[in-house]
Amino acid sequence: MTFNSWEFLIFYPLVALLYFVLPKKLVWPMLLAASYYFYMCYQPDLVFLIVGTTLISWIASHIITRSANQKVRKIWLALTLIVCLGVLFFYKYFNFLAGSVVGIIEMFGGTPSPIALNLILPVGISFYTFQTLSYVIDVYRGDVQPEKNFFFYALFVSFFPQLVAGPIERPDNLIPQLRERHAWDNDNAVKGAKHMIVGFFKKIIVADGISIYVDAVYNNTENASAFAVIIATMLFAVQIYCDFSGYTDIAIGCARIMGIRLMQNFDHPYMATSIKEFWSRWHISLSSWFKDYLYFPLGGSRCALPRALMNLMIVFLVSGLWHGAAWTYVIWGGIHGIYQIIGRLTWKKRNALLAKRGLSENSPVIAWIRRFNVFLLVCFAWMFFRANSTADAFYLVGRLFTGWDVGLGGALAAMELTPVAVLTVLVSILTLIIIDRLLTYDDAPDGSGMLVQNGAFMYYVWVILFFWGLLLSKNLTSTFIYFQF
């Protein structure tokens, strides 16, 4: 069951109705049952994994709290990390590691037998694993108290709106909200519905609409020209943003209607003026997770410069690997690590150069130049993220230097981007920019969010419902990209 499915159209209204009409003592058991049902609609055979990691982390949290022996506390923390990360490694990375070892042996002339297990990647395992780990680590640090009720803690881990693709919630934000009794609130309902509508627009109209043109290049690399690579990569930047932030908007909207506020996961990342700022705006729940639980424990920036730069690179290599068991993701993470290192080493010199020329780093012109540069750098890294293999990625990069024999018109024709299609894509992106901004203003204290309530909002509702119905009737709906992570 995905958000953009007929099943969810029945499932969510029913859950929301029960949420508001059931007595308080029955609300959370209903949510827990609904959350596990939601997950089992994907992979019923693998539900034991989420139950197991939930149980182990819950038991460990209580032993850590009750023990006065620091050695025992560390042992149980380490045990939880080993078990939870071990499960994640086995299902997500075993075949990748085994294949890499075989490849290395073959490079040195060996003839090893292929090693591969027939494993199915559990949906959302990277997300709920990190959520359980943050809970145990926070308990170990004394930042939160362990949850006494196992089933209530299981609801925190499996809460269905954000279970499959985040945001990765922290216990101090979500658990207290799950405990509260939330009565129906018109303001929450309207704002939650708006988030959901915008999310569906991003996914169904923009992301799914653009994907066919991206696939035309990335799934057919041998015929790609330089113009086609550039266009497809820039479109993929829009596609992945709309696909992932669209899921987040729907998740936030579902929870908001029930009075629960999930953390913000995106903040107009392509408006960033530096790569560092980009990562404070993109997948915020993951970026902050790595900062708090990996970067700071490694020493962060409070150490010698070489060590601080190494810490940055480690975080981004791990982040790349978190996204997928393939070298393309590791390279993607490494590229962003290099961006961060170069940015940190040259920031003062670049600003000094601007000042020398009488320019201010805060001027609008400089800001837009930097946004453009950041977008180009991010797009270059997206090439490795989207490519089906490292060979494809490097081939497409090479086409940027050798594939100029086909002009812009030929590239558009090869991608089947007709004038009507180009206009449709441009209108969709322009509409996306408008409604994304309106959604941001929706919680503004000055009431400027009312802009989205008059006419335009209902227009988007009917457009999305029409296209959604059309796609569903033709069985053309697609899963969200981040489900594979």
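This text walks through one helix contact and several salt bridges in a predicted model. Local features need pLDDT of at least 70, side-chain atom pairs count only at pLDDT 80 or more, and totals for chains, interfaces and linings use all residues. Residues are numbered from 1 along each chain as its sequence is written, and side-chain values use heavy atoms, with hydrogens and water left out.

Start with helix α2 (residues 24-40) and helix α3 (residues 47-66) (helices are DSSP runs of H or I, at least four residues, numbered from the N terminus). Their axes come within 9 Å and cross at roughly 135° (axes are lines fitted to C-alpha atoms over the stretch in contact, with angles from 0 to 180 degrees between N-to-C directions). The two helices are therefore oblique (not under 35 degrees, over 145, or 65 to 115). Tyr36, Tyr39 and Met40 of α2 meet Val47, Ile50, Val51 and Thr54 of α3 (contact means heavy atoms within 4.5 Å).

Now the salt bridges (a side-chain nitrogen of Lys or Arg within 4 Å of a carboxyl oxygen of Asp or Glu). The structure holds nine. In one of them, Arg170 pairs with Asp292, with the closest N and O atoms 3.1 Å apart. Arg170 sits in the loop between α7 and α8, Asp292 in helix α12, 122 residues apart. Arg170 is buried at 15%, while Asp292 is partly exposed at 22% (buried means under 20% relative accessible area, exposed over 50%, partly exposed in between, with a 1.4 Å probe and protein chains only).

Arg386 pairs with Asp215 at 2.7 Å. Arg386 lies in helix α15 and Asp215 in helix α9, so this pair ties together parts 171 residues apart in sequence.
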